[in-house]
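Reader: Hello! Could you walk me through this model, taking the helix packing and the charged side chains in turn?

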Amino acid sequence: MAADDRLEDDELARRLREAHRRVRMLPAAEKERMGRRYLAICDLAKRDRERAATRLDAFLAALDGAPDTPRAPENPLGI
């Protein structure tokens, strides 16, 4: 059994691979920042899969362009 065969049934691993693919396609400046967040989530997944899944949800929302904080739409740009 290959290592990839075991991962196919793991939803968190599948979502992490998808996030990695999306981070690779970002512009350089954003890729560095989001890459650090991605690596932190991967590290957390080794110890606490539930928290990692929760953080991954927020990370994917940020990649989709959703605001990081609930107040983000209220804040004017450039301030």
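Author: Gladly, and please keep in mind that this is a predicted model. A good place to begin is the pair helix 2 and helix 4, whose axes cross at roughly 30° and come within 11 Å.

Reader: Which hand does the crossing of helix 2 and helix 4 have?

Author: The two axes cross at roughly 30°. As for its hand, the crossing of helix 2 and helix 4 is left-handed.

Reader: How do the residues in the contact of helix 2 with helix 4 divide into nonpolar, polar and charged?

Author: On the helix 2 side, the contact involves Leu12, Arg15, Leu16, Ala19, Arg22 and Val23. Their partners in helix 4 are Arg49, Ala52, Ala53, Leu56, Asp57, Phe59, Leu60 and Leu63. By residue class, the contact of helix 2 with helix 4 holds no polar residues, four charged and 10 nonpolar.

Reader: Arginine in a helix contact catches my eye. Is Arg15 buried or exposed?

Author: Arg15 lies in helix 2. Beyond its neighbours within four places in sequence, Arg15 is in contact with Ala53, Leu56, Asp57 and Leu60. The relative accessible area of Arg15 is 16%, and under 20% counts as buried, so Arg15 is buried.

Reader: What distance separates the C-alpha atoms of Arg15 and Ala53?

Author: Ala53 is one of the residues that Arg15 contacts. Along the chain the two are 38 residues apart, and their C-alpha atoms are separated by 8.8 Å.

Reader: And Arg22, which residues does it touch, not counting those up to four places away in sequence?

Author: Arg22 is also found in helix 2. With a relative accessible area of 18%, Arg22 is buried. Leaving out residues up to four places away in sequence, Arg22 touches Leu60, Leu63 and Asp64.

Reader: Let's turn to helix 3 and helix 4. Are they roughly parallel or antiparallel to each other?

Author: Helix 3 and helix 4 have axes 7 Å apart and pack at an angle of about 160°. Angles over 145 degrees count as roughly antiparallel. Helix 3 and helix 4 are therefore roughly antiparallel.

Reader: How many charged residues are there in the contact of helix 3 with helix 4?

Author: Helix 3 passes helix 4 in a left-handed crossing. Helix 3 brings Met34, Arg37, Tyr38, Ala40, Ile41, Leu44, Ala45 and Arg47 to this contact, while the helix 4 side includes Arg49, Arg51, Arg55 and Phe59. The contact of helix 3 with helix 4 counts 12 nonpolar residues and no polar ones, and the charged residues number five.

Reader: On to the salt bridges. Which parts of the chain does the pair Asp10 and Arg49 tie together?

Author: The structure holds eight salt bridges. In one of them, the side chains of Asp10 and Arg49 meet with an N to O distance of 2.7 Å. Since the two residues are 39 apart in sequence, the pair ties together the loop between helix 1 (3–7) and helix 2 (11–24) and, on the Arg49 side, helix 4 (residues 49–63).

Reader: Of that pair, which residue counts as buried?

Author: Arg49 has 43% relative accessibility and counts as partly exposed. Its partner is at 19%, and the cut-off for buried is under 20%. The buried residue is therefore Asp10.

Reader: How far apart are the closest N and O atoms of Glu32 and Arg36?

Author: Glu32 and Arg36 are four residues apart in helix 3 (residues 28–47), which means about one helical turn between them. Glu32 is exposed at 53% relative accessibility, and Arg36 is exposed at 51%. In their salt bridge, the closest N and O atoms are 3.1 Å apart.

Reader: Which residues are linked with Asp43 in a network of salt bridges?

Author: Asp43 meets Lys46 in a salt bridge at 4.0 Å, N to O. These two residues are three apart in helix 3, about one helical turn. Lys46 is exposed at 68%, whereas Asp43 counts as partly exposed at 35%. The network links Asp43 with Lys46 and Arg47.

Reader: Stepping back, what share of the residues in the chain is buried?

Author: The chain has four helices and zero strands, running α-α-α-α from the N terminus on. Among contacts with a separation of 6 or more, residues 24 or more positions apart account for 54%. Of the 79 residues in the chain, the buried share is 27%.

Definitions and conventions: Residues numbered from 1 in each chain as written. Predicted model: local features only at pLDDT ≥ 70, side-chain atom pairs only at ≥ 80, totals over all residues. Heavy atoms only, no water. Buried < 20%, exposed > 50% of the residue type's maximum accessible area, 1.4 Å probe, protein only. Axes fitted to C-alpha atoms, helices over the stretch in contact; angles between N-to-C directions. Parallel < 35°, antiparallel > 145°, perpendicular 65-115°, else oblique. Left-handed = near helix turned anticlockwise from the far one by under 90°. Contact = heavy atoms within 4.5 Å. Nonpolar A, V, L, I, M, F, W, Y, C, P; charged D, E, K, R; others polar.
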